[in-house]
Amino acid sequence: MDSVTPSVLITSVLNPNMRIFDVVMRTEYGTSYNSYAVIGSEKIALVDSSHLTFCEAYFDHLDAALAGRVPDYLVMNHTEPDHSGTVAALVERYPDIIIVISQAGAIYLKNITNRADLKLQIVKDGDSLDLGGKTLHFMIAPFLHWPDTMFTWLPEEKVVFTCDFLGAHYCEPQLFDSKVTYREAYVGAVKNYFDCIFGPFKGYVLKGLDRLATIDPQFVCTSHGPILTAGVEYQRNLERYRQWATVEPCANKRIPVFYCSAYGNTERLASHVARGLLRGLPSAEVTCYDLNQHDLSELAAALNDSDAFLLGSPTINRDALPPVWNLLACVDAVAIAKRPVALFGSYGWSGEAIPHLTNRLTDLKAAVFADALRVQFTPTADDLAAAEKLGEDFARSLPAGCC
Ligand code: FEO
């Protein structure tokens, strides 16, 4: 039986073949659904659960860890279904199990399991649970990355369970960071995970790091990827997270121009919009992105890190094109509020892309620039001048400082 310490047993399931997580997140290196069993002299607590698809493997690992013992508690640090998918089955197995969970998590778990008979013990920040010689201390850590998240600290073993925080969609047969074979790939997976999962919550990330600074773990048991060890990747991941979550005051506004183009017309508008942007704000960092030429996670990071952005789409089937909608599916709905955005695009017959995108971005509470540019078929010299004027006017409309 794999274990972190003699009292913390590993019941994780590996999924090396996963390539897409949560429909939109690419995962080149698979993942693991990590879970644990903490053995006290009086009580046993499971920490986190597993994905429903891997229920059978999870129960096999659980049986091996428990060796006939019955768990008293299930600590749910976070209720997203990759960790809560097996809870309903777990409750069938162990009807008396008490689920230890945050207030927000309790609401979610009831609706995820659709069970009214869950035995819930709702904990607050600072609460603890004695298992007999092993004590679980609960640290509420909201928005890392759901409102329900908490960390669980086991001081007697110097182990902290952080669920998604500091994790990675990365899978090797060995379960510890010290055994990682492809370290560069692992670090890339940590970055990808941060960008996709925690990028929208940078302020909360910094608070989470501050909470971890109040304890001194030897092992950090995340819910995905290798278990972190003090002196190996733990401190490095702390530093990485702090660097990635710290928004430097920037001298230059980042204004990406995203577009897709069927026949090159919207692309030409994009390049003239970019030229106008730089005329209006010479210090701006302006990058044009053809949506079909870049990885979606790269595009999403550029959008979410921007101070303002422009979006260009042709109209096909009376709508914007799928790559444009895919990008908007990745926006950080929290941070995009009030973000300035301007729209442009070439169309053939009716040009619905711009009004549809305007509606969507308005729903997202972005600050949509009123003067969108629509051009029928091939842009004329006047249209290209209008594209430059759009970029210049948009740049001049931006508030001083970074957004
Ligand atoms: Fe791994 Fe947010 O679930």
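Mentor: A salt bridge here is a side-chain nitrogen of Lys or Arg within 4 Å of a carboxyl oxygen of Asp or Glu. The model is predicted, so local features need pLDDT of at least 70 and side-chain atom pairs count only at pLDDT 80 or more, while totals for chains, interfaces and linings use all residues. Residues are numbered from 1 along each chain as its sequence is written, and side-chain values use heavy atoms, with hydrogens and water left out.

Trainee: How many salt bridges does this rule give?

Mentor: Side chains of opposite charge can pair when their charged atoms come close. Under the rule, the number of salt bridges comes to 20.

Trainee: Which residue forms a salt bridge with Arg183?

Mentor: Arg183 lies in helix H5 (residues 183-198); helices are DSSP runs of H or I with at least four residues, strands runs of E with at least two, numbered from the N terminus. Its side chain meets its partner at 2.7 Å, N to O. That partner is Glu233.

Trainee: Is Glu233 buried or exposed?

Mentor: Buried means under 20% relative accessible area, exposed over 50%, and partly exposed in between (1.4 Å probe, protein chains only). With a relative accessible area of 1%, Glu233 is buried.

Trainee: What arc do the buried residues Pro323, Val324, Leu327 and Leu328 of helix H10 cover around the axis?

Mentor: These four residues are buried in H10 (residues 322-329), whereas Pro322 and Ala329 on the other side are exposed. The arc is that of the directions from the helix axis to the C-beta atoms. The buried residues lie on the same side of H10 because their arc is only 140°.
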